[in-house]
Number of protein chains: 2
Amino acid sequence: MDSGALLDLLGNENRRRILRLLARKPCYVTEISEYLGVSPKAVIDHLRRLEEAGLVESRTDEKRRKYFHIARNLRLEVTVSRHGFGAKSAYPASRDLDLTRCHHLTIDGVADATGGADGDDAESGDATDPGDGDASETSDDPGDIASLADELAELEDLERELSLAQRWVQGRLADVRDDLAETLEADGHEGLYAEVVAAVADGEGSIEALTRRVDAPAEVVEHAVGDLLERDVLEPDGDDGWRVTDSA
Amino acid sequence: MDSGALLDLLGNENRRRILRLLARKPCYVTEISEYLGVSPKAVIDHLRRLEEAGLVESRTDEKRRKYFHIARNLRLEVTVSRHGFGAKSAYPASRDLDLTRCHHLTIDGVADATGGADGDDAESGDATDPGDGDASETSDDPGDIASLADELAELEDLERELSLAQRWVQGRLADVRDDLAETLEADGHEGLYAEVVAAVADGEGSIEALTRRVDAPAEVVEHAVGDLLERDVLEPDGDDGWRVTDSA
């Protein structure tokens, strides 16, 4: 789903309250209307928009009452900075996703995250909670409440740590972009130049790839690359790629 | 800043376009108005709301023209799932944040992330880009374009990996919450029961703490705890805390 459309949907207090309510339990229109203190007509309109976006679904029970519930899990990340405004939305990734392929990231002590897709998830019970180091000896029987609770607590911890790490990365990205832009001096276009240089350092080798990556018109990117080549910040690398000059 | 207020602000296509434009370069009202194809009056109104929220600031140049620019870096995460609707916003964390304190997360090959606050950031140049293993020998002179570009490319990689890991965690959280709720059977309140059990497993030891954590009225949480104690899912632990019964 387009993240702009998702922001439009979430940019309404009553729709957010409906989602919060439905996340607790499936509800029918009258319940939602009473809970929100909003007319059934307005609730139906919000539900229709949420349904069209695929966020909410309904089913009808034996008394022919129509219940609404959350249809899918969804995640949205928005970053606002001097260097860009970005919004991306995504569905949760499959549990078989192989996180061991990450270059910079290692995840420990959480079932499933360490082994990739080989299905061995007996790692719960790791000392997650400070001051409680003896919570081990759990089995991985799917019906075992104690080990499921441990796993849930661990995943919630990991979620918090990932958020913290991302906040750290945002701060570092802003600092490094500032440093790079300051070093490059380009009459108000330093930000773009910095993105171009970073993309080249990351292996992008054509104007098309750079244009996609930095989200600017091709002629602007072409001019920036020409200028950076002239200033010896970039140098040709092979047939038609470039690299960042080592002494730059 | 309150994430609801932030979602209200971002839930408008023209305000998002203004932020995207200002992230590229500072602009004055006429420029923004022409770029958006929207009246100066409407632009001024959007800018006022963005200014009030602290997202945008202005300064006046020598020709007394008022330029607007992005005031601060900000990050917003929204999660919609059958188990909850959550939105949190945060400013980027300080570069001195000690990520080595994370229990589940290890970050490698990115300057600053590994050493905590001791200021040794000479780790750029790690082989980030697949197929380019010889990008080392960079110095950490702040003005060194090549090493700044490497560091930026690495941070962007790490950002992508963290997003991927978070999507994986969201998927696993939903699965484990489903499993736990299914095992607990509680007449439509399984979701709440699962959260209570997970919070107890994570060390929460009072009704007040649980109430905050699961965001439900105290009497509802108290009833759930009573029921779970009766069913031997929880057992008393010390003076007034509980733990998840091992055999549960």
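Here's a walk through this predicted model, from one chain to the pair. Residues are numbered from 1 along each chain as its sequence is written, with chains lettered from A and ligands numbered from 1 in the order in which they are written. Local features need pLDDT of at least 70 and side-chain atom pairs count only at pLDDT 80 or more, while totals for chains, interfaces and linings use all residues; side-chain values use heavy atoms, leaving out hydrogens and water.

Start with chain A, which splits into domain 1 (3-70), domain 2 (75-136) and domain 3 (185-244), with bounds from an automatic or database domain assignment. Between the C-alpha centres of domain 1 and domain 3 of chain A there are 47 Å.

Now bring in chain B. A turn of 180° and a shift of 0.0 Å along the axis lay chain B on chain A with an RMSD of 0.1 Å (least squares on C-alpha atoms of residues with pLDDT of at least 70 in both). That's the relation of a two-fold axis. In chain B, B:Gly11 has the C-alpha nearest the axis, 2.0 Å from it. As for the interface, 100% of chain B's interface residues are interface residues in chain A too, so the copies meet through the same surface (contact means heavy atoms within 4.5 Å).

Finally, look at helix 5 (residues 145-184) in chains A and B, a DSSP run of H or I with at least four residues, numbered from the N terminus. The two axes come within 8 Å and cross at roughly 160°; they are lines fitted to C-alpha atoms over the stretch in contact, with angles from 0 to 180 degrees between N-to-C directions. The two helices are therefore roughly antiparallel to each other (over 145 degrees).

Technical notes:
Angles under 35 degrees count as roughly parallel, over 145 as roughly antiparallel, 65 to 115 as roughly perpendicular and the rest as oblique.
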